[in-house]
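Thanks for asking me to look this one over. Here are my notes, set out as numbered points so you can follow them beside the structure.

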Amino acid sequence: MPDLIRLLPDSIANQIAAGEVVQRPASVVKELLENSLDAGATNIILTYRDGGQTFIEVIDNGLGMNETDARMAWERHATSKIEKAEDLFALHTFGFRGEALASIAAVAQVEMRTRQRHSDFGIELLIEASEIRRQGPVSCPEGTAIRVKNLFFNIPARRKFLKSVSVEGKHIIETFEKVALAYPDVSMSLYNGEQEVHRLSSGNLENRIRQLFGDTRSDSLIPLNEDTEIVGISGFVGAPGLSRKTRGEQYFYVNRRFIRNPYFQHAVQTAYEGLIDSDSFPLFVLFLEIDPSKVDVNVHPTKTEVKFEEAQAIYSILKSVVRRALGAYHHTPQMDELIGARIDFGNRNPSNAGYSPDVRVNTSFNPFERTQKDRVPTEWEKLYEPFRDREWEQLSKPPEKPTHGELFTTSHTLRESFQLDAQHAVCNLDGNLYIVQLQHAVERIVYEKYNQRVQPIASQQLLFPRTVEFSAGDFELICGLLEEINEMGFDISPFGRNTVIINGTPADIAKGNEQHMLEGILATYKSNMQELKLQKRENIARSLARNTSLKMESRLSSNELNELISELFQTSEPAYTPGGKPTFVMFDPNQLNTLFKK
Ligand code: ADP
Ligand code: MG
């Protein structure tokens, strides 16, 4: 009987390995870019054509290879990066298995030119389906240039699985961007044929994010830098206003390699709760530094899925670090002052990582009841009085550096304010110009009042109770919420089939449009319910805030306006509505100066 077992020829074994490593043109791009970075390149140029299916070229100015290495690099299990098995686990970079080039060469036509620094000549190599076609000296620049042509030319079945040129091209661009964010110090260019897609000069991470994602406002990226025993976290998160409706601009790196991790993504998303709508996604580029022995990178062949030993601890550290950065950002109107405060956070161990800024909220504030002419000065007015007597010199002194907890109480000085129109007010706070959107400001204030309320909220009985009829489904929903709604100062009860009766409303809400308001609350509640999965109370508070409006029939008096502004800045997140819309825009004198430079 003949022997049945044979060793597979290398070319077939390589093709099988290629099935794992080379799934699409973008996988080739990823491997080539990583090799260039591993070779210490400071400049990388990537060009592709036809979604990478016919042509991918990576040119770098890295170390280059000598004649033997240039040849060896294409053998399976050929790597300069691992010597013993332990290295596999100790490496700070991922997935050195010496398979990438061998796999690529098995399924494409490859050309390489490489020259080591200080070497007189370079080496050229042509390989097709693992077979070397040509090899010899060549004159070429220092570094390495690799071209991968006609991917899967010898495996029609794989070719069929490729998506359209534009989809494959999009994958390439995304791969390039992921790498580019992790290496802002390397200049990198990307061309689709002749067309320039990205030309990124070397710089810091902030510059790179801006180069990649377009010109965002100068204070819209919030830096993070936190070291704990379990994980180091650095990078940037976007201000809530930068959030998008798609999950695109979210990047996690572990030890500088891109990973996908829905669990950690969720941690960041939760940190934005109350600042953005649930159907938007915050921008972030976050780098986690973790002891490599506590990370298992071999979970997924494309190495973007990774297992962590201490995932839960990382989750909560991540959430509170992001939350704190956002808190600091919102509480300080001037970014320059903030930078010092941020650095101060320094080394914080995970046990007190749950810190959140402590700002006093005046829960008894009522932005609507303005009829009492002779009321006692509010907390804010008390601050305002002594200011009037101060000398000019004192006025022009810069405000004292705020510390947490007094940011918008003692250290803010409101100098002038006036209402521009029904929706906007302008004020001078600490010498900076603020334009406040009044409706949004009210939404933030009302939300905090109802969400964080300590005392019961006063209800006022209606002279003529109103009945409101709902659809059967909405009626059921509203009956389930009555207890919470009534806690907020409503007095509503079921009144026959699909109907409720409104006997009273929160004392401070404008009268006359109760039905409209209740319907609005229900509509907002339902859409929040689907999208946000909020707690009942939080959702009702938001819905109420969203559907509360300023009494616009009369202008605010200057006292009313001042009080409104002061109350806004006593809330926990003065800059945004609970849904993430901005409540004000601010210009400091420097920004004003630049506006007039053009
Ligand atoms: P790995 O990166 O896992 O070592 P690869 O198959 O990707 O395996 O590469 C094999 C080897 O080829 C690398 O270890 C490196 O020595 C060499 N190499 C690949 N690309 C480059 C490059 N752009 N510049 C210099 N050396 C390279
Ligand atoms: Mg490699």
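**Notes on the model**

1. Let's begin just past a helix: glycine 214 comes after α8, and its phi is positive, near 90°. Please keep in mind throughout that this is a predicted model.

2. Helix α8 itself spans residues 205-213. Which of its residues are buried? They are Leu205, Arg208, Ile209, Arg210, Leu212 and Phe213. You may like to see that two arginines, Arg208 and Arg210, appear in that buried list.

3. Next, some backbone angles to check. As a reminder, most residues other than glycine have a negative phi. Phenylalanine 152 has a positive phi, near 60°, and is not a glycine. Where does phenylalanine 152 sit? You will find it in the loop that runs between β6 (143-149) and α6 (156-160). Its relative accessible area is 0%, so phenylalanine 152 is buried, the cut-off being under 20%.

4. Asparagine 255 is another non-glycine residue with a positive phi, in this case near 45°. Asparagine 255 lies in the loop between β11 (250-254) and β12 (257-259). Is asparagine 255 buried or exposed? With a relative accessible area of 6%, asparagine 255 is buried.

5. Now a pair of helices. In general, two packed helices are described by the angle between their axes and the distance between the axes. For helix α15 (residues 472-487) and helix α17 (residues 536-546), the axes come within 10 Å and cross at roughly 60°. Because of that angle, α15 counts as oblique to α17. The crossing of α15 and α17 is right-handed.

6. Who makes the contact between these two helices? From α15 come Gly480, Leu481, Glu484, Ile485 and Glu487, while α17 contributes Lys536, Arg537 and Ile540. Sorted by class, the contact of α15 with α17 holds four charged residues, three nonpolar and one polar. If you colour the residues by class on your screen, Glu484, Glu487, Lys536 and Arg537 are the charged ones, and Gly480 is counted as polar.

7. Finally, the cysteines, in case you are planning around them. How many disulfides does a search of the whole structure find? The search finds zero. Cysteine 140 has 12% relative accessibility and so counts as buried. Cysteine 427 has 2% relative accessibility, and therefore cysteine 427 counts as buried too.

Technical notes. Residues are numbered from 1 along each chain as its sequence is written. Chains are lettered from A and ligands numbered from 1 in the order in which they are written. This is a predicted model: local features need pLDDT of at least 70, side-chain atom pairs count only at pLDDT 80 or more; totals for chains, interfaces and linings use all residues. Side-chain values use heavy atoms; hydrogens and water are left out. Axes are lines fitted to C-alpha atoms, for helices over the stretch in contact, and angles run from 0 to 180 degrees between N-to-C directions. Helices (H or I, at least four residues) and strands (E, at least two) are DSSP runs, numbered from the N terminus. Angles under 35 degrees count as roughly parallel, over 145 as roughly antiparallel, 65 to 115 as roughly perpendicular and the rest as oblique. A crossing is left-handed if the near helix is turned anticlockwise from the far one by less than a right angle, and right-handed if clockwise. Contact means heavy atoms within 4.5 Å. A disulfide is a pair of cysteine sulfur atoms within 2.5 Å. Buried means under 20% relative accessible area, exposed over 50%, partly exposed in between (1.4 Å probe, protein chains only).
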